[in-house]
Amino acid sequence: MNTHAKISKRLILVDSSQFQKEVPRSGAHLIFGSGEMADLIRAFDWSATPLGSIENWPEALLITLNTLLGNRQPNFLFWGDDLIQFYNDAFRPSLGFDKHPKAVGQRGPECWAEIWPIIGPQIEAVMQRGESCWFEDQLVPFYRNGKLEDIYWTYSYSPVRDAAGNIQGTLVTCSETTGRVLAERALRTQQDRLLSLFHQAPVFLAVLRGPEHVFEMHNLRYEDLIGQRDIIGKAVREAVPEARSQGFLEMLDSVYRSGEAFIAHNHPIDLQRIPGQPLERRYVDFVYQPMREIDGSIAGIIALGVDITERKIALDALLNTEKLAAVGRLAASMAHEINNPLSSVTNLLYLARHSGDLNEIHGFLDTAERELRRVSVISNQTLRFHRQSTRQQAVRSEELFESVLSIYQGRLINSSIEVQKKFRAQTAITCFDGEIRQVLNNLVANAIDAMQSMGGTLFVRSRESTNWQTGVKGITLTVADTGTGMTAEVAEKIFQPFFTTKGIGGTGLGLWICMEIVNRHHGLLRVKSRAIKSKSGTIFTVFLPLGPADS
Ligand code: ADP
Ligand code: MG
């Protein structure tokens, strides 16, 4: 295909009367290159412009124009006082379909009316004073594809001089950066959002990099935890020196080495939160999460957690409340228990003093002695019950139950409650026995409360059993009563702290603490109850593994 055919084929698409379709213009041979713009410029009727036809153009224009047309970087040229326009193929896409091909041979201020207030003065500075300029990612909105578009440019304006040094035109070298600017902006908004999430997260967070665990970033909650310090860029051993003796560096090293997360609950940490002040004890739930590179290697660790100190203080206070309530209950029942045998001793001594029969006197004194032994048994049980066990101990279920029941002897009789015992479990379990006694005490006290007004039967049982979910062997302790029972609504809430149906007579903490203790022993606490008339009652079962619990 020859050049002419090529030109005409392209020009049919353009359909502008200024472009000649068949015969090349005179002087067209002075324009080189085979691109679309070279073709258009050759075919354009320049005689109608202040420049006149191509063969009369100054050498400076021809050299500049041919250089521009051969350039693959987007170039634009304003020439002469009228700022007549040329541009190359690389510039062409930035014009959309509104300005092209009209812009060829058009006067600058006409073509760019909407942005002339911006670029007019810049071009004038070049034309009048030879002042070049350069802008990076500059917003230059203009009409394109039927609408005003926000377009970003990196561009330079520079003077084009003729051989005599006079400024004849303005050369625009540019590239459109809209795509990159928008992409970068989108990325930045995402990063900003991530960052604000990071900072506002209701957890403390720190990013530690490398084997030395260097602080890369951390959020405000982290600062709240450790106190205001300058830690960015510092290794943990240097930034939080008090953590060194508390095992934290070993944990970090092991996470970094193994790539396995480390999770801790209720973990104490002593921190220098205010410079010069003594260390302050805080409690934290936290995780050290390994952070990986794309290739899977470990880049660092994310430390993430919550400061639970306040929660723990509140919890300890609650536990104390319940302990005090338990002590109160014990004191009351102890007085009650001791009162009965003591009054019978008083009676027996009175009878003995007034009897003349030595055998009878011996009988009275034997009984009195037995009653006094009962007193000492009761007070011993109460004390044992109260000693805080710090070590786990092997105990048998019978022992556990008997010590609890002995305390309630009087209340059971007064409330006409019959006790049925069946201790089938012979194996001892290793546990914090004081705590388990507390559990049984709560369950028995609740059962008595439930039968208070009408009497009934209290069943206490033990049997060997297996947790079928885990296969762990243990024993199951049962405390059941024929009392009032519970509606489904009540049963749903009984393990919540402060839930009680006993008004000021209850704390609502008993079962909540039972659950805590049983969980700590990796056991199970279950309840079945019904409140149907004449068939009401409640069964609590406690499964406890044989082995020692976590200390
Ligand atoms: P409190 O005994 O101080 O009320 P608990 O946590 O021990 O607190 O018990 C919570 C509630 O559970 C009781 O108020 C009662 O309504 C119900 N409950 C517990 N055990 C029994 C039971 N054996 N029979 C009927 N209701 C019970
Ligand atoms: Mg209770």
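This report walks through a predicted model, starting with its ligand and ending with a few local details of the chain.

## Where the ligand sits

Let's begin with ligand 1. Its home is the second largest pocket. The elements that give two or more residues to the shell around it are α14 (433-451), α16 (510-520) and β19 (537-545). Which of them gives the most? That's α14, with three residues in the shell around ligand 1.

In total, 21 residues surround ligand 1. If you want to find the closest ones on your screen, look for T500, T501, K502, T507 and L511. Sorted by class, the shell has ten polar, nine nonpolar and two charged residues.

## What touches the ligand

Now zoom in on some N and O atoms. On the side-chain front, D481 has an N or O atom 2.9 Å from a nitrogen atom of ligand 1. The backbone joins in too: a backbone N or O atom of L511 is 2.8 Å from an oxygen atom of ligand 1. At G510, a polar backbone atom lies 3.4 Å from an oxygen atom of the ligand.

How much of ligand 1 does the protein bury? Taken alone, the ligand exposes 530 Å², and the protein buries 94% of that.

## A pair of rings

Next up are the aromatic residues, where the count comes to 22 aromatic pairs. To describe such a pair, you give the distance of the ring centres and the angle of the planes.

Take F76 and Y87 as an example. Their ring centres are 5.6 Å apart and their planes sit at 5 degrees; planes under 30 degrees apart count as stacked, so this pair is stacked. F76 belongs to strand β1 (residues 75-79) and Y87 to strand β2 (residues 84-87), so the pair ties together parts that are eleven residues apart in sequence.

## Two backbone details

Two spots in loops deserve a look. One is the cis peptide bond between H100 and P101, with omega at about 5 degrees. You'll find P101 in the loop between β2 and α4 (108-111).

The other is N145. What is its phi? It is positive, about 50 degrees, although N145 is not a glycine. To spot N145, go to the loop between β4 (142-144) and β5 (147-149).

Methods: Residues numbered from 1 in each chain as written. Chains lettered and ligands numbered in written order. Predicted model: local features only at pLDDT ≥ 70, side-chain atom pairs only at ≥ 80, totals over all residues. Heavy atoms only, no water. Near = heavy atom within 4 Å. Polar contact = N/O pair within 3.5 Å; in protein donor to acceptor, adjacent residues only side chain to side chain. Areas by Shrake-Rupley, 256 points an atom, 1.4 Å probe, with all protein chains shown as cover. 1 Å grid on protein atoms, 1.4 Å probe; cavity = no way out; pocket = protein on both sides within 12 Å on 5 of 7 lines; lining within 4 Å. Sits in = over half its atoms within 2 Å of the grid points. Helix = DSSP H or I, 4+ residues; strand = E, 2+ residues; numbered from the N terminus. Nonpolar A, V, L, I, M, F, W, Y, C, P; charged D, E, K, R; others polar. Phe/Tyr/Trp six-rings, centres within 6.5 Å; stacked < 30°, edge-to-face > 60°.
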